Every structure is written in structure tokens, then in C-alpha cells.
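Colleague: Please choose one part of this model and take me through it slowly, from its own residues out to what surrounds it. I am new to this, so please explain each term when you use it.

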Amino acid sequence: MPYHLMKPYLYLFVIILLTISLSSNLSAQENPLAEKLAGELQTLAKNSPSELAYIQTNKNIYETGEDLWFKTYLLNVQYFVPSPLSKTLYLQMFNENTKQIVWQEKYEIQNGFADGHVFLQDTLPEGSYFLVAFTQHSLFNDSSDLKTVRKIEVRKDMKPRPPITVKGKIKPNEKQPIQFSTFPEGGNLISGIQNKLAFKAVSQQGMPTDVQGTLFEDTIPLVQFKSVHAGMGSLTFTPLAGKKYWIRLSEPVTDSIFLLPLVYPQGITLHLNGKDKESLEFRVSQNSSFAKQKVYLRGQIRGIVYCIATGTLDKELKIKIPLKEFPSQGIAEFTLFSDSLVPVAERLVYINPEKKLTIEAHLDKDRYETRGKAILKIKVTDENDQPVVANLGVNVYDKLYHNPADPENILSHCFLSSQLKGRIYDPAYYFDNKNKDREEALDLLLLTQGWRRYVWGEAALQAKHNKNRPVIFDSIRGEVHATRRPKKVKGIEQFVMAFNPDKNDSKDLVMSDSAGKFAVAPLHLKLCQGGYVYLKPMAPEEFRPHISIADPFRVINGITKIKEVNYPLPALIVPKADELFNPIVEGHNAVKLAEVTVKGRGVATFRDKYIGHLDSLAKFEVTHDYVGIPCNTLNCPFHKTDRSKKPIDGKNYNVCLGKSGEILGPDWPNNYYFGDMTITYHNPNQHFTEEELLERYNLSRLKAYYVHREFYQPNYDKDPGDIQIPDFRNTLLWQPNVITDQKGEATLEFFCSDINTGFVGKIEGVSGEGLLGSKEFDFFVVKRKIANPLK
């Protein structure tokens with residue numbers, strides 16, 4: 001049967017009649033129904049956040065007391081190009097089990113990228129932690145899961161903790177029940193039409209379970225089946241209305257039976273008939289009782305409609321979709337509509353997996369000596385083997401700190417985990433070229449996990465209606481208001497001074513609106529990076545102006561309490577024998593201690609210098625002590641005049657003594673004498689808290705962007721260092737912003753430490769065209785050979 005194919009071009013649709021002998025172009029106005037199908041979906045797509053974030057870290061496993069280095073990619077949610085929208089990254093880290101927040105800071109975003117570090121306190125309990133990123137354009141107050149997540153492990157020491165399961169066939173536990181679900185292709189089982197039925201089996205913990213079983217029609221065995229990947233599989237049969245279809249499993253053996261969905265006596269099915277690199281072929285079928293009708297097949301990726309095919313369906317219609325209509329890889333949703341534009345079936349298909357960055361990593365050696373120099377050459381190309389300018393994050397670290405069970409990389413996160421609801425088991429499997437069955441397995445995943453769970457489906461987008469408003473912002477919002485207003489004054493123009501004397505000398509006046517609301521811009525957060533932005537209301541004191549600041553993290557905490565963390569399920573693996581040992585550190589006589597505890601006593605100090613200045617100023621204002629002039633005697637009874645001055649903390653002064661030898665204060669008795677004695681002055685008044693100081697001087701403050709510093713890398717060519725001082729670095733290289741040249745190339749150098757063991761390298765990145773890529777490599781470091789000076 002002939003059918004029409006329509007595709008978007010400059011927001012219009014061009015209809016192409018695909019027949020052997022005829023080709024004609026028609027305007028979109030002649031096909032208002034097709035335009036409506038496309039326009040409605042793309043309007044709904046605006047309900048989604050416009051940014052997707054991905055977090056890359058310098059390794060997977062950390063010890064307490066270390067720095068965690070990270071890079072966040074902020075990508076356009078539909079095209080995956082770097083997003084220029086957000087300027088402020090809100091980063092939080094919390095314990096997976098207790099949900100206790102152990103870190104929250106703001107970081108600057110530049111042209112769609114942010115990088116920095118997180119300090120892991122020595123007091124952190126061991127366990128799993130989630131690192132979560134938020135921006136103005138990625139967080140809405142809706143019911144979606146938290147997807148911008150990186151899971152890490154924190155340990156007190158690096159004693160081996162191997163898992164007890166093995167990657168490969170997943171044996172069911174016969175003592176525990178399993179969840180077994182079936183999913184008809186297209187959505188429904190239709191009587192008299194051959195149907196494809198996918199199935200999935202998981203444990204109560206959500207881990208996949210291999211199964212075998214039989215499909216029955218009433219009491220007659222119809223089809224035997226078994227799972228082929230991660231508890232998933234499929235079977236084909238022709239159901240009939242009025243018959244009862246059910247499944248019994250033979251592995252694991254269970255008394256339970258699993259009923260199939262209702263078989264509809266009438267309806268339309270959508271089946272993926274074939275797929276290659278050039279095109280997709282769908283078969284559309286309906287019962288003979290249905291009259292001929294016009295049907296529409298809409299194809300979209302991430303809310304962008306790329307084609308609409310239309311044709312007349314009698315009993316069966318085959319539709320071929322050229323993949324050249326889709327410019328990127330990813331999950332494509334094909335929805336079949338009746339002649340009245342009612343959706344009757346849908347199918348998810350993964351297309352164009354070859355459209356990605358191919359990253360090559362070449363080291364100048366396969367094996368290095370401790371403290372040896374390594375040269376890493378990187379080459380990046382596209383699917384046509386053409387060089388690509390790309391922004392890459394590169395890290396090299398000790399294999400002991402590598403978690404091979406971590407299921408996420410930039411490809412799996414952007415193309416899969418963030419696109420489907422629920423937790424996916426080992427999504428990185430589907431992007432590893434070593435897995436020959438990955439395309440078949442991915443199709444099963446979309447038939448089961450993806451069934452009505454595509455985040456860009458119409459139902460999911462409609463659920464976000466009226467919830468597409470930002471809840472946090474690049475700027476920090478506040479309000480200044482008068483707590484007292486004289487009767488004769490109707491209104492005042494309010495300003496707020498933003499400053500930090502420790503960071504720069506600039507003082508900016510920020511104007512509020514008529515309601516007293518104002519915003520501290522990202523520029524202020526950048527200028528005061530590593531410190532605070534201080535705010536002072538500039539209204540006359542008679543109004544007693546006061547500032548209140550909205551804390552974005554309080555808003556974030558309120559929203560995240562109702563959101564689930566959607567982090568993929570890890571692959572079940574066991575490390576190789578050489579991965580079960582601690583790294584070997586040689587070349588010196590040092591001993592690495594597992595833990596050192598230092599205890600001591602001291603007085604509270606202010607980390608912020610400006611607060612320290614306010615503390616001194618407050619003490620100066622409230623003290624009654626004075627210094628006599630010209631005798632330089634503390635609280636001198638003869639020289640308390642207008643020329644007297646306030647004593648300064650830490651300075652030495654002469655003192656007067658009472659008859660019992662006590663040092664006199666400002667209220668001296670009748671009997672006293674001058675002693676030959678000096679003291680170092682300390683203000684006797686109580687210490688002010690930071691909150692008391694801010695209130696005293698009517699100040700407010702907020703944290704600026706967290707301090708940015710460079711990752712330390714020694715250069716043993718320039719400075720060989722002392723061989724007796726051990727180099728314990730387990731991360732050898734962290735370069736979050738590597739830009740390849742016009743040839744797609746970049747060269748990096750780094751030096752090995754004193755750890756002689758296996759090391760892992762990882763490169764991830766994105767191009768300006770939205771191509772993504774990931775690459776891992778490894779090498780070994782051996783003990784350096786030291787020449788014998790006697791030979």
C-alpha cells in the first residue's frame with residue numbers, strides 16, 4: 001500500500017509521496033491533521049526542563065579526607081549541545097541510606113560546563129553517597145525522578161571488599177518470589193493478529209532474574225520460552241478473543257501462574273518488522289471487521305517530531321521510515337493514530353547508535369615506572385571518521401578505586417537512563433561494542449522497561465503541565481523591608497549594598513523593586529568566590545530596614561524529599577584476582593597509616609576576615625577599659641580624659657594594682673598603687689557569635705561560589721623531589737576541560753606516583769553538535785629501577 005511521509009523543515013511539514021513512479025510535494029496547509037499532530041507534541045515538550053546535567057568524577061571510590069573532583073555537563077535537553085542558559089550550579093551530596101546532607105555549595109557555570117571539588121570530611125561514615133546537581137533550567141517542582149546523579153562509595157580504608165556474585169547468567173533464588181510481567185508490542189493484544197509479547201522477570205530487589213516457562217491457551221501448551229538478557233525475552237503468537245492465556249515458569253519452579261493482558265476482539269497493532277542502518281519497517285494490522293481508514297504514524301525523538309507517515313489501512317500496511325530523517329541517536333517513539341487522530345498503538349525503537357564521538361586514547365608506553373612520565377594522545381572523530389572539536393573530561397586513577405559495577409557513563413545517562421522512568425539494570429551494557437547482542441537486548445529493554453515510560457511521551461508531558469516553572473535561580477533572591485515607617489513618609493526607594501572587603505574593593509548598589517525584592521547576580525557570586533557576599537540595606541536607620549534572603553538549598557531540600565533518586569542498578573560482577581590487593585607503594589621507607597587522630601584545645605576563631613574585623617570593632621565599642629595618655633597605663637586613675645584611647649587586643653600595657661595586688665579595672669578603688677608590671681591585653685567581654693555580629697551591624701550575608709582551585713600534578717622533570725618523601729597520589733590525572741583542535745587531537749602529560757599497580761583512564765565528552773562519547777583505557781606501573789652507584 002502507498003503511504004505518505006512527512007518531515008519537519010523550518011517548522012513546516014513537507015509531504016513526500018513515496019511510490020516507485022511518482023514523487024510530489026504538498027504544503028503543510030493541505031495536511032492540517034499532520035501539522036496538528038506535530039505541533040501538539042512539540043508544544044507539550046515545552047513543559048520539560050530545558051537542561052539535562054551529567055556529572056563526571058575523577059574516580060568511583062574515595063577515602064575520607066580526600067578531595068572529590070567533578071565536572072558537570074549542562075546540555076540542551078533535546079539536542080544535547082552545551083547549554084548557555086544556566087550560570088549557577090547547586091551541588092549537593094547526601095548519604096544514600098540516611099539521606100543526611102554532607103555537602104552543599106554553589107559553583108560557577110561557564111558556557112555549559114562547571115567543575116570543582118568537594119572535600120570529604122574525615123568524619124564521614126562509610127557507605128554510598130549521591131552527588132546531585134541542580135540548575136535553574138533543570139529542576140522543576142514536578143513528580144519526575146532525580147536523574148542528575150552520580151553515585152560514589154566512601155571508605156575509611158581501602159581493604160578489598162569483593163562482591164559475591166558473578167557477571168553472566170543470573171540464577172534465580174528459588175526461596176524468594178519474583179515479579180514477572182508481560183508487555184504486548186504496540187500496547188494491546190488484538191484477536192486474530194500475530195502479536196509479539198515481551199516479558200521481564202526481576203527479584204523483589206529489582207535485580208533481573210533468568211527464567212524459562214510455557215505460554216498456555218486455556219489448558220493447551222502453546223509456546224515455550226526463556227529469557228535472553230537480564231531477565232528479558234519475547235515470544236510470538238496469535239491470540240483469540242474468548243480464550244484464556246497464562247504463563248507458568250519452569251525456572252524458577254513456582255506454583256504461581258501469570259495471566260496475560262486482555263485480548264481485544266477488535267483493534268490495530270503496530271509491529272517493528274525490520275531494522276537496518278538505513279531504515280525501519282513497520283507493519284500495521286487490523287481486524288477484517290474494520291473498514292478501511294487513514295492512519296498516521298508519527299516519529300519523534302525527545303519531543304521533536306521528525307516525520308509523519310500516512311496511508312490507507314485495509315487489513316495490513318507496511319511503512320518504511322528512512323533513518324536519515326532523524327539527525328541524532330536515541331530513543332525514537334512511533335505513535336500510530338487512527339483517522340480521527342486517536343492514538344491506538346506505540347513503539348519505542350533505538351536508532352542511529354553510530355552517531356556518536358569515537359574517542360581514541362594512545363599512551364606512549366604500555367607500562368611505566370614509578371614517577372615516570374606518561375604522554376597521552378587523544379583523537380576524536382564522528383561517525384564519518386571526520387575530526388571533531390570536542391570538550392572532554394579526562395581522568396587517570398588507581399584501579400583499586402575503580403568500581404566496575406558502576407552502570408553509568410555519559411552515553412547511557414543521556415540516551416537511556418534520563419529518557420526512561422524507573423531504574424535500569426546496567427545501562428552501560430547497551431553502549432559497549434564488546435557486547436554483540438546489545439542491540440537485541442536494548443530492543444527488549446524498550447519493549448519492557450520503556451513500555452509507556454518514555455519521558456517524552458504525550459501522557460508524561462501532559463502530566464508536567466503548569467509545573468514548568470523554575471524554582472531556583474542563577475541569582476540569589478532577597479527582600480528588604482522597613483520594620484518601622486514614620487507616618488509622614490509614604491514610601492522610600494530601597495537599595496542594598498553588596499560587597500566583600502576580603503575579596504575585592506568594589507561595592508555595588510542593588511536596587512529593589514516596589515515590593516522590596518532584589519537579586520544578587522552571578523557576577524557578585526563570582527567576584528566573592530570562596531567567601532561571602534555581604535548585604536547592607538541603605539535606607540535611613542529611622543526605618544530600621546531589614547534584609548531576608550531566600551535560601552535555594554531550602555527549596556531544593558523541600559522538593560527532593562518527594563522525589564526518588566533514579567540511579568541505575570549495578571551490574572553483578574566479581575573483580576579479577578589482581579584487583580583484590582591493595583596498591584603497592586615502594587621506593588621509600590615510609591609507612592602509610594590507616595588513621596591519625598589529633599586532639600587539642602583552642603578558642604573559636606572566625607574563618608571570614610571581615611567577621612573577625614566586626615568582632616574586634618564590637619568589642620572596641622562595648623568595652624569600658626581605657627588607656628591613659630601619656631602614661632600608657634591601662635585604666636589609669638589620673639589620666640581618664642578625652643585623650644584616653646581604647647586598648648587593643650594583644651598589645652602590652654602598664655597596669656595599676658590594688659592593695660591586695662589585683663589588677664585594677666576601669667572602676668578603681670580609693671587605695672591603689674602603680675606597680676612595675678605590664679600585661680598583654682585581652683578584652684574581658686564575651687565573644688560575639690557570627691549571628692550576633694551580623695545583627696549588631698544590620699548585615700546579611702550569603703555564600704558565594706565555592707572556591708575554585710587547580711588539581712595538583714607534580715612535574716618530576718623540573719623537580720625530581722625527595723625519593724624519601726612518598727608520593728601517595730591515587731589520581732594521576734584530572735583534566736576537566738580538554739578541548740581538541742581542528743584535527744580532533746589533544747596531547748596530555750602526567751607523572752606516575754609511587755604506587756605500582758594497575759591504573760584506569762576514562763575520557764568523556766561532548767561536541768558542539770551534540771555528539772557524545774566515552775572511552776576507557778588502562779596501563780600498569782612497576783617499581784622504578786634504581787641504578788647501583790657502585791657499578
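**A helix and its surroundings**

Modeller: Asp551 caps the N-terminal end of helix H6, with a side-chain oxygen 3.1 Å from the backbone nitrogen of Phe553. Such a polar contact is a pair of N or O atoms within 3.5 Å; within protein, one must be able to donate a hydrogen and the other to accept it, and residues adjacent in sequence count only if both atoms are side-chain atoms. Helices (H or I, at least four residues) and strands (E, at least two) are DSSP runs, numbered from the N terminus.

This is a predicted model, in which local features need pLDDT of at least 70 and side-chain atom pairs count only at pLDDT 80 or more, while totals for chains, interfaces and linings use all residues. Residues are numbered from 1 along each chain as its sequence is written, and side-chain values use heavy atoms, with hydrogens and water left out.

Helix H6 covers residues 552-560, and Pro552, Phe553, Ile556, Asn557, Ile559 and Thr560 in it are buried, where buried means under 20% relative accessible area, exposed over 50% and partly exposed in between (1.4 Å probe, protein chains only). Seen down the axis of H6, these buried residues fall within an arc of 165°, so they line one face of the helix; the arc is that of the directions from the helix axis to the C-beta atoms. An α-helix has 3.6 residues a turn, so residues three or four places apart point the same way.

What does that face meet? The buried residues of H6 pack against strand E7 (88-95), strand E8 (101-108), strand E10 (127-134) and strand E32 (476-482), and contact here means heavy atoms within 4.5 Å.

Of these strands, E7 and E8 run antiparallel and are joined by 7 bridges; two strands pair if DSSP finds at least two bridges between them. Tyr90 has Lys106 in E8 as its bridge partner. The two strands E7 and E8 form a hairpin with 5 residues between them, and in the turn Lys99 has a positive phi of about 65°.

Strand E32 leads to another piece of the surroundings, an open sheet of 3 strands in the order E35-E32-E37 with antiparallel pairing. Its edge strands, each pairing on one side only, are strand E35 (517-520) and strand E37 (545-549). Neighbouring strands of this sheet are turned by 30° against each other on average, direction ignored; the axes are lines fitted to C-alpha atoms, for helices over the stretch in contact, and angles in general run from 0 to 180 degrees between N-to-C directions. Between E32 and E37 there are 5 bridges in the antiparallel sense, and Ala482 has Pro545 in E37 as its bridge partner.

To place the helix among the cores, I begin with the largest nonpolar core, which has 49 residues, and in which Ile331, Leu416, Leu420, Tyr430 and Leu772 have the most contacts. A nonpolar core is a set of buried Ala, Val, Leu, Ile, Met, Phe, Trp, Tyr and Cys residues joined through side-chain atoms within 4.5 Å. Apart from this core lies another, of 29 residues, and among them are Tyr90, Val520, Val533 and Ile559. Ile559 is thus one of the buried residues of H6 and also a member of that core of 29 residues.

For a contrast with the helix, take strand E46 (residues 758-767), where 10 of its 10 residues are buried. Gly758, Val760, Lys762, Glu764 and Val766 point one way from E46, Phe759, Gly761, Ile763, Gly765 and Ser767 point the other way, and all are buried. E46 is joined by 9 antiparallel bridges to strand E31 (residues 390-398), with Ala390 opposite Ser767, and by 9 antiparallel bridges to strand E47 (residues 772-782), with Val766 opposite Leu772. E46 and E47 form a hairpin with 4 residues between them, and Gly770 in the turn has a positive phi of about 90°.

Finally, for the setting as a whole, the protein chain comes to 8 helices and 47 strands, and buried residues make up 51% of its 791 residues. Among contacts in the chain with a separation of 6 or more, 70% are between residues 24 or more positions apart.
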